[in-house]
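Here is a short briefing on one chain and its two ligands. Keep the structure open as you read.

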Amino acid sequence: MLRIAIPNKGTLSGPAADMLREAGYRQRTDGRDLVCADPANDVEFFYLRPRDIATYVGSGDLDLGITGRDLLIDAETGAEELLDLGFGGATFRFAARPGTLTAPADLAGRRIATSYPGVVARYLAEHAIAAEVVRLDGAVENAIRLGVADVIADVVSTGATLRQAGLEPVGKPLLESSAILIRRRGAGDPTPPVSQLLRRLQGVLVARRYVMLAYDVRADLLERASALTPGIESPTISPLHREGWVAVQAMVLRDEVHRIMDELYEIGARAILVTGIHACRL
Ligand SMILES: Nc1ncnc2c1ncn2[C@@H]1O[C@H](COP(=O)(O)OP(=O)(O)OP(=O)(O)O)[C@@H](O)[C@H]1O
Ligand SMILES: O=P(O)(O)OC[C@H]1O[C@H](OP(=O)(O)OP(=O)(O)O)[C@H](O)[C@@H]1O
Ligand SMILES: [Mg+2]
């Protein structure tokens, strides 16, 4: 049986459960449940604090886990990233009051408040900067106002929390984080159940990124039209009852579909339809 750790609360919890449901796995229905068995898929899910997940997976007590890249790096355990899951995106950055620091080199000798001491210590060591790290559990934006620190290092998503605290980012982000699937480092080739889970999750990622586009076009315009919609391997072309016309079907990136539809219409394609992809294996 595959044993998988997933976040019990916080930003990553809901989207992680949604993604697993979309991939065909059973998820808890009560937010207080700490374990959920999925006998049909021979998987057991353990709901844990995202910060602790790398510890359980790094020690080999659980096979796989979903957590944030920043949390994995911060924990410095024996776990490694297996797949970027495409949600929970955020940056991790330094911030301070305007005018106090202009570049990361100005961090020298300062007090830096953070809930991610591992990420900050690693950055300071890599850049040979000597500074004091003040470890806090959360709401670190308050640390400057309260005189505990000169700088903070924290997760920034919309930037609203920083703005509201009167702080501004310093330098480039230390890292770009997102939700990831992790496993024990050196676990070797994925076992068949792990490969199946990976294929299913990759199927969800593709289904979210792509849509299916179908249209009719005159056969003499087919080359131009299919250059716009090459699909993954190649577009499907079917004959139409109407002489000299064909129907085309191809997967296109969701983000590009409106531009492609406009261009197809311009060259003479008609009955251009977009449908969602519910699941797939490429
Ligand atoms: N807006 C966000 N705020 C906090 N964490 C975020 C955000 N967007 C993505 N994340 C990611 O979520 C993970 C942190 O989750 P965690 O559950 O520890 O904190 P949280 O979502 O802030 O919940 P809480 O602080 O209420 O416990 C990190 O990997 C972080 O990069
Ligand atoms: O850039 P934003 O969209 O404003 O999001 C980032 C903020 O959200 C998180 O705080 P959270 O609300 O989780 O509180 P916490 O500091 O207690 O974890 C994070 O620690 C930042 O403070
Ligand atoms: Mg938080």
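Residues 207-278 of this predicted model are 29% helix and 40% strand. The C-alpha atoms at the two ends of that span are 6 Å apart. An unreviewed UniProt entry places the feature "domain: Histidine biosynthesis HisG C-terminal" at residues 207-278.

**The other annotated span**

- The unreviewed UniProt entry also places "domain: ATP phosphoribosyltransferase catalytic" at residues 49-203.
- Residues 49-203 are 30% helix and 31% strand.
- The end C-alpha atoms of this span lie 26 Å apart.

**Overall build**

- The chain has nine helices and 15 strands.
- Its radius of gyration is 24 Å, whereas a compact globule of 282 residues would have one near 19 Å.
- Along the principal axes, the C-alpha atoms fill a box of roughly 80 × 50 × 35 Å.
- Of the 282 residues in the chain, 33% are buried.
- Among contacts with a separation of 6 or more, 66% join residues 24 or more positions apart.

**Nonpolar cores**

- In soluble globular proteins, nonpolar side chains tend to be buried together.
- The largest nonpolar core here has 57 residues.
- Which residues have the most contacts inside that core? They are V57, I112, V151, I152 and A153.
- Another core, of 13 residues, lies apart from the largest one. L228, V248, M251 and V252 are among its members.
- Setting aside neighbours within four places in sequence, V57 is in contact with A5, L62, L64, G65, A79, I182, R183 and R184.

**Shell around ligand 1**

- Ligand 1 has 16 residues around it. G10, T11, G68, A90 and S157 come nearest.
- Two elements, α2 and α3 (69-75), each give two or more residues to this shell.
- By class, the shell holds six nonpolar, seven polar and three charged residues.

**Shell around ligand 2**

- The residues surrounding ligand 2 include G138, A139 and E141. The run D154, V155, V156, S157, T158, G159, A160 and T161 also belongs to the shell.
- β9 (151-156) and α6 (160-164) are the elements that give two or more residues each.
- β9 provides the largest share, three residues.
- The class count is four nonpolar, five polar and two charged residues.
- S157 appears in both shells: it is one of the residues nearest ligand 1, and it is also listed around ligand 2.

**Two loop residues to compare**

- D63 sits in the loop between α2 (50-58) and β4 (64-68).
- Is D63 buried or exposed? D63 is buried, because 21 other C-beta atoms lie within 10 Å and the cut-off for buried is 20 or more.
- Not counting residues up to four places away in sequence, D63 touches L2, R3, I4 and R183.
- D63 and A5 are 58 residues apart in sequence, yet their C-alpha atoms are 8.1 Å apart in space.
- T191 is in the loop between β11 (179-184) and α7 (192-209).
- Why does T191 count as exposed? T191 has 12 other C-beta atoms within 10 Å, and 12 or fewer means exposed.
- T191 and L2 are 189 residues apart in sequence and 9.9 Å apart in space, C-alpha to C-alpha.
- L2 is thus linked to both loops: D63 touches L2, and the C-alpha atoms of T191 and L2 are 9.9 Å apart.

Methods: Residues numbered from 1 in each chain as written. Chains lettered and ligands numbered in written order. Predicted model: local features only at pLDDT ≥ 70, side-chain atom pairs only at ≥ 80, totals over all residues. Near = placed C-beta within 6 Å. Helix = DSSP H or I, 4+ residues; strand = E, 2+ residues; numbered from the N terminus. Nonpolar A, V, L, I, M, F, W, Y, C, P; charged D, E, K, R; others polar. Rg over C-alpha atoms; globule rule 2.2 N^0.38 Å. Contact = placed C-beta atoms within 7 Å. UniProt positions renumbered as here; feature names shortened; annotations may be inferred. Core = buried A, V, L, I, M, F, W, Y, C linked by C-beta atoms within 7 Å.
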